[in-house]
Amino acid sequence: MAAPSTSTPAPASSAFPLAAAAAACFPRASSSTRALALALALAERHRLSEVGGGDRSVAAGRRSFQGLIPAHVLSAGDDAEGASIKREAEERSRRRMLLAAGAAMFLSWPNPAAYAAEAKKGFLPVTDKKDGYSFLYPFGWQEVVVQGQDKVYKDVIEPLESVSVNTIPTSKQDIRELGPPDQVAEALIRKVLAAPTQKTKLMEAKENDVDGRTYYTFEFTAQAPNFTRHALGAIAIANGKFYTLTTGANERRWEKIKDRLHTVVDSFKIEAREVRFNGKCREHGSY
């Protein structure tokens, strides 16, 4: 009695040659990239089957990721018309292969916006084109209206955790015209940033140059009868304005939140605004 015949199931690559080819060409590509490549290959197969004619067999053709060329085109006895069809098919196949490769490369590129979001995870941007400044603030803070302030964002649970920006006109062109960092910061804290009844202490003040513009940054505390606020500030002059950004928190939460507050201050940037003067564009305050 003859043994029953057995057959080994064909591997998935033989059952789905185009899918296997797409996986082989783009081993690290995502499923969406492979799907795109496979769709292009299937479209090419369908087009070439039409070129070969409804009665001509495509199964006998040579298989590749670039496309399936009908058997009559690849036969040794091709006539001039067959050779022309072959060249046309190969050229169209080559173009589709390049398109698939380009699509796979594009889909595999990192998204610059995603990188930027990852680099500043947990922060949201603010851009004031009218006054020419921008900064970041922690996610979850909400904008509130405070008289005399241009922008204010604060934590709804911890009221001392906030950031504010204020601008006032000035005839000065550079912050250094007002004096060294410690003197300018000390005067600003006593006269503007703290209440007259609060005891203030300047802990640090320094000068920074960012993109050719001078900023003074400083750290201070303001002590009231029932709390102490630990704060950071940044000031600069540009566009005919004196800019002040201040952010801070309750002293008891300083160690927990100080890194985020430093990120806010470091993100503060002022851009030169162009204004039209006698038909010419010049930087504000330069004429």
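This report walks through a small sheet, a run of paired strands and two pockets in a predicted model.

**The three-stranded sheet**

Let us begin with an open sheet of three strands, whose order is β3-β4-β12 and whose pairing is antiparallel. Which strands stand at the edges of this sheet? They are β3 (123-128) and β12 (269-270); each has a single partner strand, so one side of each is left without a neighbour in the sheet. Six bridges hold the antiparallel pairing between β3 and β4, the strand of residues 133-138. You can find one spot of this pairing by looking for P125, whose bridge partner in β4 is L136. As you trace a strand, keep a general point in mind: in a regular strand the side chains alternate between the two faces of the sheet.

Now look for helix α8, which covers residues 254-267. This helix lies across β3, β4 and β12, and runs at about 170° to β4.

**From β5 to β7**

Next comes another set of pairings. Strand β5 (residues 142-143) runs antiparallel to β6, and two bridges join them. Here Q142 stands opposite K154 in β6. On to the next pair: β6 and β7 also run antiparallel, joined by four bridges. K154 appears again in this pairing, with S162 of β7 as its bridge partner.

**The two pockets**

The largest pocket has a volume of about 650 Å³. It is lined by 28 residues, and the closest to its centre are Q149, S164, V192, L193 and T246. Elements that give two or more residues to this lining include β6 and β7, which we have just met, along with α7 (181-193). Which element gives the largest share of the lining of the largest pocket? It is α7, with six residues.

The second largest pocket has a volume of about 280 Å³. Among its 17 lining residues, K206, N208, T217, V265 and D266 are the closest to the centre. Helix α8 returns here: α8, β8 (199-210), β9 and β10 each supply at least two residues of the lining. The largest share, five residues, comes from β8.

The table sets out the kinds of residue in each lining.

| Pocket | Nonpolar | Polar | Charged |
|---|---|---|---|
| Largest pocket | 18 residues | seven residues | three residues |
| Second largest pocket | eight residues | four residues | five residues |

To finish, try finding α8 in the structure: this helix lies across the three strands β3, β4 and β12, and α8 also supplies at least two residues of the second largest pocket's lining.

Key. Residues are numbered from 1 along each chain as its sequence is written. This is a predicted model: local features need pLDDT of at least 70, side-chain atom pairs count only at pLDDT 80 or more; totals for chains, interfaces and linings use all residues. Side-chain values use heavy atoms; hydrogens and water are left out. Two strands pair if DSSP finds at least two bridges between them. Contact means heavy atoms within 4.5 Å. Axes are lines fitted to C-alpha atoms, for helices over the stretch in contact, and angles run from 0 to 180 degrees between N-to-C directions. On a 1 Å grid over the protein atoms alone, a cavity is a set of points where a 1.4 Å probe fits but cannot get out, and a pocket is an open set with protein on both sides within 12 Å along at least five of seven lines; lining residues have an atom within 4 Å of a point. Grid points are joined across faces, edges and corners, and a volume is the space filled by probe spheres set on the points. Ala, Val, Leu, Ile, Met, Phe, Trp, Tyr, Cys and Pro count as nonpolar, Asp, Glu, Lys and Arg as charged, and the others, Gly among them, as polar.
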